[in-house]
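Hi,

Here's the structure I promised to pass on. Have a look at it first, and then read on for my notes on what turned up.

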Amino acid sequence: GRQRLGEHAWVLRGFALPDIEALLAGVKAVLLAAPLRQMHTPGGLPMSVSTSNCGRLGWVSDRAGYRYVARDPLTGRDWPALPAAFERLAREAAAAAGFDGFVPDACLINRYMPGARMSLHQDRNERDMGAPIVSVSLGMPAIFLFGGHARADRATRIPLLHGDVAVWGGVDRLRFHGILPLKAVPHPRVGERRFNLTFRRAG
Ligand code: MD3
Ligand code: FE
């Protein structure tokens, strides 16, 4: 089913389930070439989430700020290419939410262990704010915070489960959002972790 969160924000329940094995194989291959690492905020604090990227551009954060770069600073090489299953899923999910022609050039992989969280923030480092963001949840469940356009706006709590895909664009693209600290509820296939893939048009 398709659950509407905002004018241009949708959760597609279980949309990725038919492709789960291809997606997990893609995550495994990408993380072999571009290992997970803990980024630091521009303020110098380590994030509780570990990250990597695939696609032409990858999101990084350090004392110099948040930005997209073509090379992995850890290996000095280009980020691994987007696996075909990633690109197709992102395009099909965007179309199902009314965004035809979405071609992502960046995929951020976030890995949450129990207790990891992401505090309320906006995604404003992408050049093309007309393109949506597509997010795929794999593994342990999480509670997503869907806020408004000001940090102080009340946030709605939305569970995101293994296989759910969320799509955000248009007027909802700059909403504040976050993830509550994860509970340790081992997933039968993925174990005690959650992966979130976010597909963007960054360049
Ligand atoms: C709503 N990741 O990487 S994805 C991020 O589950 C991020 O790892 C979270 O926020 C995660 O920046 C949430 C869902 C998401 C992504 C972008 C959004 C929701 C959004 C942009 C605007 C509004
Ligand atoms: Fe975000």
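Let me start with D19, which touches R88 and L89 once residues up to four places away in sequence are left out. Before going further, bear in mind that this is a predicted model. D19 sits in the loop that runs between β2 and α1. It counts as buried because its relative accessibility is 16%, and the cut-off for buried is under 20%. Its C-alpha atom is separated by 9.1 Å from that of F86, and the two residues are 67 apart along the chain.

**The nonpolar cores**

F86 leads straight into the core. The largest nonpolar core has 31 residues, and F86, V136, V165, L197 and F199 are the ones with the most contacts inside it. Which elements give two or more residues to this core? They are β2 (9-12), α1 (20-33), α2 (84-96), β7 (106-112), β9 (133-139), β12 (165-168) and β14 (194-200). The largest share is that of α1, with 6 residues. Another core lies apart from this one; it has 30 residues, and M39, M47, L57 and L182 are among them. As background, nonpolar side chains in soluble globular proteins tend to be buried together.

If you want a single residue to click on in the largest core, try F199. Leaving aside neighbours within four places in sequence, F199 is in contact with L82, F86, A90, F102, P104, A106, C107, P132, I133, V134 and V136.

**Along β14**

Two polar residues of this strand are worth a look as a pair. T198 lies in strand β14, and R200 has its place there too. Their side chains are joined by a polar contact of 3.0 Å. Buried or exposed, R200? R200 is buried, because its relative accessible area is 6%. T198 counts as buried as well, since its relative accessibility is 8%.

As for their surroundings, with residues up to four places away in sequence not counted, T198 touches A106, C107, L108, I133, V134 and S135. On the same basis, R200 touches Y68, F102, P104, D105, A106, L108, D123, E126 and I133. Keep D123 from that list in mind for the next part.

**The metal and ligand 1**

What coordinates the iron ion (ligand 2)? The donors are H121 (NE2), D123 (OD) and H177 (NE2), at 2.0 to 2.2 Å. Along the chain they follow the spacing H-x1-D-x53-H. D123, which R200 also touches, counts as buried because its relative accessibility is 9%.

H177 turns up again at the other ligand. There are 19 residues around ligand 1, and those that come nearest are N110, Y112, W168, H177 and R194. If you're after polar pairs for ligand 1, here are three:

- R194 has a polar side-chain atom 2.9 Å from an oxygen atom of ligand 1.
- N110 has a polar side-chain atom 3.0 Å from an oxygen atom of ligand 1.
- N196 has an N or O atom in its side chain 3.3 Å from an oxygen atom of ligand 1.

How much of ligand 1 does the protein cover? On its own, ligand 1 has 500 Å² of accessible area, and the protein covers 98% of that.

**Two loop residues**

Last, a couple of spots in loops. L36 lies in the loop between α1 and β3 (37-40). It is partly exposed, because its relative accessible area is 26%. The C-alpha atoms of L36 and S50 are separated by 5.7 Å, with their positions 14 residues apart along the chain. Neighbours within four places in sequence aside, L36 is in contact with L31, S50, T51, S52 and R111.

A70 has its place in the loop between β6 (65-69) and α2. A70 is partly exposed too, since its relative accessible area is 41%. From A70 to R56 is 5.9 Å, C-alpha to C-alpha, and 14 residues in sequence. R56 is also among the contacts of A70, along with L57, D78 and W79, leaving aside neighbours within four places in sequence. L57 is one of the residues of the 30-residue core mentioned above.

That's what I have for now. Happy to go over any of it.

Cheers

Methods
Residues are numbered from 1 along each chain as its sequence is written. Chains are lettered from A and ligands numbered from 1 in the order in which they are written. This is a predicted model: local features need pLDDT of at least 70, side-chain atom pairs count only at pLDDT 80 or more; totals for chains, interfaces and linings use all residues. Side-chain values use heavy atoms; hydrogens and water are left out. A nonpolar core is a set of buried Ala, Val, Leu, Ile, Met, Phe, Trp, Tyr and Cys residues joined through side-chain atoms within 4.5 Å. Buried means under 20% relative accessible area, exposed over 50%, partly exposed in between (1.4 Å probe, protein chains only). Helices (H or I, at least four residues) and strands (E, at least two) are DSSP runs, numbered from the N terminus. Contact means heavy atoms within 4.5 Å. Donors are N, O and S atoms within 2.8 Å of the metal (3.2 Å for Na, K and Ca); water is not among the atoms, so sites may look incomplete. A residue is near a molecule or strand if one of its heavy atoms lies within 4 Å of it. A polar contact is a pair of N or O atoms within 3.5 Å; within protein, one must be able to donate a hydrogen and the other to accept it, and residues adjacent in sequence count only if both atoms are side-chain atoms. Accessible areas come from the Shrake-Rupley method with a 1.4 Å probe; for residues, only the protein chains shown count as cover.
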